[in-house]
Amino acid sequence: MKILVCIKQVPDMESRFRPNGDKTWYDEGDLAFRMNEYDEYAVEQAVQLKEQLGGEPEITVVSIGPERTVEAIKKALAMGGDRAVHIRDDRYYQKDPWQIASMIASYAKGENFDLIFTGMQSQDRGSAQVGVIVAELLGLSCATTLVGFSYDGGTITVKRELEGGIKGVAKLKLPALVTCQLGLNTPRYPTLPNIMKAKKKEIAALTPAELSGEAELTATAAIYPPAKKGGGLVLEGEIGVQVDRLMGILKEKTAVLR
Amino acid sequence: MKALLIGEYRQGKLLDTTYELKAFADRLGADSVMLVVGSEADLPKYDGKVYLADAATYGEYNPDLHKQLVLQAVEKENPDCIVFVHSSYGWDLAPRVAVALRAGQVSEIVALNEGAYEVNACNAKLRRTVTPKSGRCVLTIQAGAFSPSGEPQGTPQLEKLELSGTASAIEFVGYEAAEQKGVDLSKAEIIVSAGRGVGKKDNVPVIAALANALGGELGASRPVVDAGWVDHSHQVGTTGQTVSPKLYVACGISGAIQHLAGMKRADFIVAINKDKDAPIGEIADVLVVADVMQFVPAFTAKCAR
Ligand SMILES: Cc1cc2nc3c(=O)[nH]c(=O)nc-3n(C[C@H](O)[C@H](O)[C@H](O)COP(=O)(O)OP(=O)(O)OC[C@H]3O[C@@H](n4cnc5c(N)ncnc54)[C@H](O)[C@@H]3O)c2cc1C
């Protein structure tokens, strides 16, 4: 069995964000990057399946991005991926989900993966499109927002998370692509020996020019901080003073404290 | 401009969010027609054409078949845009339709901005305006962002849709209902919720102690539940409980849309966050910029006095 996991490197969401010079994306200076949270669940599920099948499947990790993306790739390898492909693209952020998915599909086409895992969305762009588009371009059956996954003899049974706590259960035959939601599993922390082992694993490099180049179907016209409603009160400063002020406000404005 | 609106059913019932599609089309100034894979027993109130495909035949949700039905309606109507709610139905189906039509998709639109669509980025810390470059586009709208102005009314003109074959690679097995056990936060008057910012499981009792001191219940954001720090029945949000307490205290919660969806109707919202820019600050009545583990114990002590 051949497994592909698609991952993205994104900034820590607790960062402060400002638009870049040409207002097409955020400024990357000063940001700390990590693996997209949803993708950690994707990597973990692939590794768990490999373990279930006695280590037989080969797990390839693919990621598109600039040089720093290698850090996220190394983490995925340290979690249990076997090899990786880095599509080195410094202009990744100007590409829309269609173009990103087309690059991944173009790479995956000749590889005949049986199963592809992606996160359900990225934390920065949040379009929730790339996985599904890859599946459609490759003609794979596809299920999104997985909070449950099991494999048995060429068929996977998935639990999709729906609104209000309800789950939808479905069966899909391989080849298939699934997108992973928070809570699907507990992503492992790479151990030191596995981090060392990962250093020896292959990271092949590809350039966008080697893949099918599609024209964009959507474009970012502008990026900007949201207008502040500015209604709420912000309490800063010394803890003791904050405590007293909040107490006063709650007594005055709510009926919950007397 | 003509919009094809894709309504949504679950377990035979039309979902209320379907009406947000019409509200969005009105804001766009677009003419609209609707498609539902649903049941004649519960049709949308809508003045206009509704394509109806029978859910009993095509499944409540089967992506392969629903895609074909949408494409059939697109063929008949030749719309400029196809609009879904950004829900587990919409985000699953919309990109499939977009690929089939080679159309650009804009996901989770929160507002209109001079002909362009506004969407959030980076957990709502930034906004983007996106413009489709394809003639026809697929759009998904954020649930709750385009509320209908009045009670929906109207009688649809029905037109039935049918597919010639109904084979699909995906077999729907069934639904699993939400667990019924645990706390019912929907009636709580005071909720103090723990978010990822509390740092670790051992710190959760500090938040619970404040809930206790205020005579309220403990709530939680999703990562706290996923990590097993708190039972799922305490989760607030789209996939947890929807609450409307008199006081909601969010401790170390960033304010992602899916969390806000569950608690924004609280009468008074206090957020404790070390990040002054956290999106929760947008809806909080009071944002206390502090470390939760310093502020909360001090505040609890004051309440207990
Ligand atoms: C389909 C779908 C459904 C979802 N359903 C839900 C749902 O029902 N409920 C839900 O909650 N989420 C849901 N989510 C997840 C949601 O998108 C967010 O990931 C989640 O709400 C984030 O939780 P959080 O705010 O606790 O964590 P984070 O976003 O990680 O935020 C932590 C916050 O704590 C602050 N912080 C960190 N350390 C400290 C400190 N020491 N003191 C003070 N502040 C600190 C940080 O500044 C940050 O703002 C869903 C997501 C999807 C895609």
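**View 1. Asp291(B) and other polar partners of the ligand.** In this predicted model, a polar side-chain atom of Asp291(B) sits 3.2 Å from a nitrogen atom of the ligand. Look next at Thr239(B), where an N or O atom of the side chain is 2.7 Å from a ligand nitrogen. Gly197(B) takes part through its backbone: one of its polar backbone atoms is 3.5 Å from a nitrogen atom of the ligand. As for how much of the ligand is covered, the protein hides 92% of the 980 Å² of accessible area that the ligand has on its own.

**View 2. The shell around the ligand.** Here we step back to the 33 residues that surround the ligand. Those that come nearest are Ser221(B), Thr239(B), Ser254(B), Gln258(B) and Asn273(B). Thr239(B) will be familiar from the first view, with its side-chain N or O atom 2.7 Å from a ligand nitrogen. By residue class, the shell splits into 15 polar, 11 nonpolar and 7 charged members. Two helices of chain B, α6 (222–226) and α7 (257–263), each contribute at least two residues to this shell. Does the site belong to one chain or is it shared between chains? It is shared, because the residues around the ligand come from both chain A and chain B.

**View 3. Cysteines of chain B.** How many disulfides does the structure hold? Over all chains, the count is 0. Cys81(B) is in no disulfide, and the nearest cysteine sulfur, which belongs to Cys137(B), is 5.3 Å away; a disulfide would need the two sulfur atoms within 2.5 Å. Is Cys81(B) buried or exposed? Its relative accessibility is 0%, so Cys81(B) counts as buried. Cys251(B) is likewise in no disulfide, with the nearest cysteine sulfur, that of Cys303(B), 11 Å away. Because its relative accessibility is 0%, Cys251(B) counts as buried too.

**View 4. Chain A, the other contributor to the ligand site.** Residues of chain A join those of chain B around the ligand, and this panel shows chain A itself. Its secondary structure consists of 6 helices and 13 strands. The C-alpha trace of chain A spans about 65 × 40 × 40 Å along its principal axes. Of the 258 residues in chain A, 57% count as buried. The accessible surface of chain A is about 10900 Å², and carbon and sulfur atoms account for 51% of that area. For contacts in chain A between residues at least 6 apart in sequence, 70% link residues at least 24 apart.

Notes. Residues numbered from 1 in each chain as written. Chains lettered and ligands numbered in written order. Predicted model: local features only at pLDDT ≥ 70, side-chain atom pairs only at ≥ 80, totals over all residues. Heavy atoms only, no water. Buried < 20%, exposed > 50% of the residue type's maximum accessible area, 1.4 Å probe, protein only. Near = heavy atom within 4 Å. Polar contact = N/O pair within 3.5 Å; in protein donor to acceptor, adjacent residues only side chain to side chain. Areas by Shrake-Rupley, 256 points an atom, 1.4 Å probe, with all protein chains shown as cover. Helix = DSSP H or I, 4+ residues; strand = E, 2+ residues; numbered from the N terminus. Nonpolar A, V, L, I, M, F, W, Y, C, P; charged D, E, K, R; others polar. Contact = heavy atoms within 4.5 Å.
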